[in-house]
Amino acid sequence: MSASLFYMIDKKSLLVTVSTHVKLGELRRRLQQQNYDIGFFAGKSAEHCTLKHLLEEGLPNLWHLRYGEIQDLCTSLVAATPLGHVRTKKVPRAATGPDLKKIFMGSRRHYGDIEEATLQIIPKPDCRKTVVVRAGKDFLKRLWAGGVRPLTLLRRSGALAIELEGLKDVVLAEEKTLKALAARESDARPRRSNVRARSFPRSRPSQKERS
Amino acid sequence: MMSGNLLDLKAGLSPYLPDAVCWPESTAEVSKIVKWAFQERVPITPYGAGSGVSGGTIPLQAGVVVDLKRMNRIESVVGFQGEQDGLFSVTAQCGIVGMHLEEKLQYRGVTLGHFPSSILCATLGGYLACRSAGQLSSKYGKIEDMVQDVEAVLPNGDIVSFGEAIPQYPHARAKDILVGTEGCLGIITRARLKAWPLPESTLWRGLQFPKLSDAFEAMREILQLGLRPAVMRLYDEVDTFLLSHGYRKQNAEPPAAWKKYLPDLPFKKWAGKKAHHILFSNASFLQRTFEAFSPKVILILGLEGHPPLAEAQLKAILELSKKRKVVDLGPEPGLHWLRHRYSVSYKMPGVFLDDAFVDTIEVASTWDRLPSLYENIRRALMPQALILAHFSHAYVDGCSIYFTILSRTGEPERDRERYKDLWNKAMEEALQVGATISHHHGIGLLKAKFLPQELATGMEWYRSLKHELDPKNLMNPGKMGL
């Protein structure tokens, strides 16, 4: 990647300012060289997309549960508009009128051409782990109530694969929490044999009962 | 009501009054009122519960005040995205008071995670109008992070329903245009918000640091390493002194029985008032004394979730802070804050009754500029006011600073001048550092003259939005510098 597309890393505030012509894969490689990453992943094919494309189309983030969408990761931007260049302020949050950057993002260049963006970055995680648990209907509610912050969730035939990342000790504690929550749920679930043994009133009477 | 208005009242100036107040019960009724006002060129000021401190609901040009408090229904609480991710989606009318909304949600095992200090006297519409932030924003975000969609009435009376775009701006989401505009571009009548299952438990801790700069760095590291305490509040030296005094007083032995029978002498009241006068008149000297003799600061943490996980997170935080000589004060400072978290605002009128004035200034910046923002504002205001500050609403890339200023001159007219002077100085310093002039109170009338500097070229864009949607300038006229 040419240096002219990559302006600055603010290591104190964990922000990177780049030209939106930079490709996501190149940006990630450049950040990883310095032990950082970007909390955005939209599949391998999206790594070839430019940042401009991601911001203007608003591609969904597969890691949104932990890091939010691309709109949340973008702290400020510069857009060329018919009224001149609009540079939004580089602040974490504000209450100064509408969030102009959100109007430009996802608008497919109708209101402005995004030329530069400042994005949040993350330090390379200490540990990444996938935990698979058998999960019922209410498991995800318990997961959020339990304070777990997953990277991704993947449900496959009654099992749930949960990807975790962060500080090693915290990831291990999250794994234990997930297992405890799954065990609690299976204890709460009625056993099949018990269900059969008890007679529940049916919503519709059987043929025999009707006759 | 903003502190400036209280000073105006004390100086004998009469407040702005509307010609009429309407209490609609549905979006259709709001639409009828706005259509009529549009035809008759009558100014409209939307109103929630009036907790705003920036003067956003003052009817500057009289006209009609549209009070939305009768629109207070929660319409649905459903699993979000077909319950695929375990979160909820709440649809409610915007006149509902924050505490009522939260209580009704908690009854169903759900929380919005939005707990502003004004929760008892602010509505959902007010939250959305000025991009409010709650005390648990480090985990749940600000209201703009929670809102999924809005229904609104535009200045010409047309309704924009859920899922629809504003006709003039078909390529942007209505919520991105309307949230934060303080009723200047339309009235938000209903909203759909993300909600969370109630946390299993909360672990409270107070951590004492020897220096503010150490605590500040620890706070940044905690967030940047991926930990998300729901509550994270760092108090500076003076604020720490008051907080510690509060929870020590609460835990102190009850007063001796004979003290209860002492009459409430008028002398006691007079002495208290005099003490306040001395305190506020010698603010600068007192400030330095506080900092010299009580340099320690307290960071309050609230960690939500499964108890062993919250314990593990706390352990990681203590490990991170070890190099900064942290002292674990146990749960009491956090629990004390929790018990009194909504009471601070209700103590403010007492200061006005003591012939002084108080106000709060909430600014925010990225972490790299935060120390200079804190120092510069304090340096500018210290000669004229006693300043307390806490760092709350912390994010990965920055944090907000919440200054409380107390001052008095002894004369109502000079109080008004000093008040304006203090605000001007604080805003100028914030703009010079590159910080935002408002993190969650909004712009309203109070900060309107600074908005063009804050938004720079963005102000032209905002003005063009206003011109396009409200060409007659009838929606909340005179606010936000539009």
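How many cavities of 30 Å³ or more does the structure hold? In this predicted model, the structure holds two cavities that reach that volume, and the legends below take them in turn before moving on to strands.

**View 1. The largest cavity encloses about 340 Å³ of space.**
Its lining is made up of 27 residues, and those that lie nearest the centre of the cavity are Thr75(A), Ala94(A), Asp99(A), Lys101(A) and Arg131(B). The elements that each give two or more residues to this lining are, from chain A, α4 (70-73), β4 (74-81), β5 (84-87) and α5 (100-104), and, from chain B, α6 (143-146) and α18 (451-455). The element that gives the most is α5(A), which supplies three residues to the lining. When the lining residues of this cavity are divided by class, eight are nonpolar, seven are polar and 12 are charged.

**View 2. The second largest cavity holds about 80 Å³ of space.**
From chain A, Asp99(A) and Lys102(A) line this cavity, and from chain B the lining residues are Arg131(B), Glu144(B), Val147(B), Lys175(B), Asp176(B) and Val179(B). By class, this lining has six charged residues and two nonpolar ones, with no polar residue.

**View 3. Three strands of chain A form an open sheet in the order β8-β10-β9.**
The pairing in this sheet is antiparallel. Because β8 (127-134) and β9 (152-156) of chain A stand at the edges and each has a single partner strand, one side of each is left without a neighbour in the sheet. On average, and with direction ignored, neighbouring strands here are turned by 20° against each other.

**View 4. Five bridges link β9(A) to β10(A).**
Strand β10 of chain A covers residues 159-166, and its pairing with β9(A) is in the antiparallel sense. One position to find in this view is Leu154(A), whose bridge partner in β10(A) is Ala161(A).

**View 5. Strand β14 of chain B, residues 357-366, is mostly covered.**
Of the 10 residues in β14(B), 10 are buried. This strand runs antiparallel to strand β16 of chain B, residues 398-407, and 10 bridges join the two. Within this pair, Glu362(B) stands opposite Tyr402(B), a residue of β16(B). In a regular strand, the side chains alternate between the two faces of the sheet.

How values were computed: Residues are numbered from 1 along each chain as its sequence is written. Chains are lettered from A and ligands numbered from 1 in the order in which they are written. This is a predicted model: local features need pLDDT of at least 70, side-chain atom pairs count only at pLDDT 80 or more; totals for chains, interfaces and linings use all residues. Side-chain values use heavy atoms; hydrogens and water are left out. On a 1 Å grid over the protein atoms alone, a cavity is a set of points where a 1.4 Å probe fits but cannot get out, and a pocket is an open set with protein on both sides within 12 Å along at least five of seven lines; lining residues have an atom within 4 Å of a point. Grid points are joined across faces, edges and corners, and a volume is the space filled by probe spheres set on the points. Helices (H or I, at least four residues) and strands (E, at least two) are DSSP runs, numbered from the N terminus. Ala, Val, Leu, Ile, Met, Phe, Trp, Tyr, Cys and Pro count as nonpolar, Asp, Glu, Lys and Arg as charged, and the others, Gly among them, as polar. Two strands pair if DSSP finds at least two bridges between them. Axes are lines fitted to C-alpha atoms, for helices over the stretch in contact, and angles run from 0 to 180 degrees between N-to-C directions. Buried means under 20% relative accessible area, exposed over 50%, partly exposed in between (1.4 Å probe, protein chains only).
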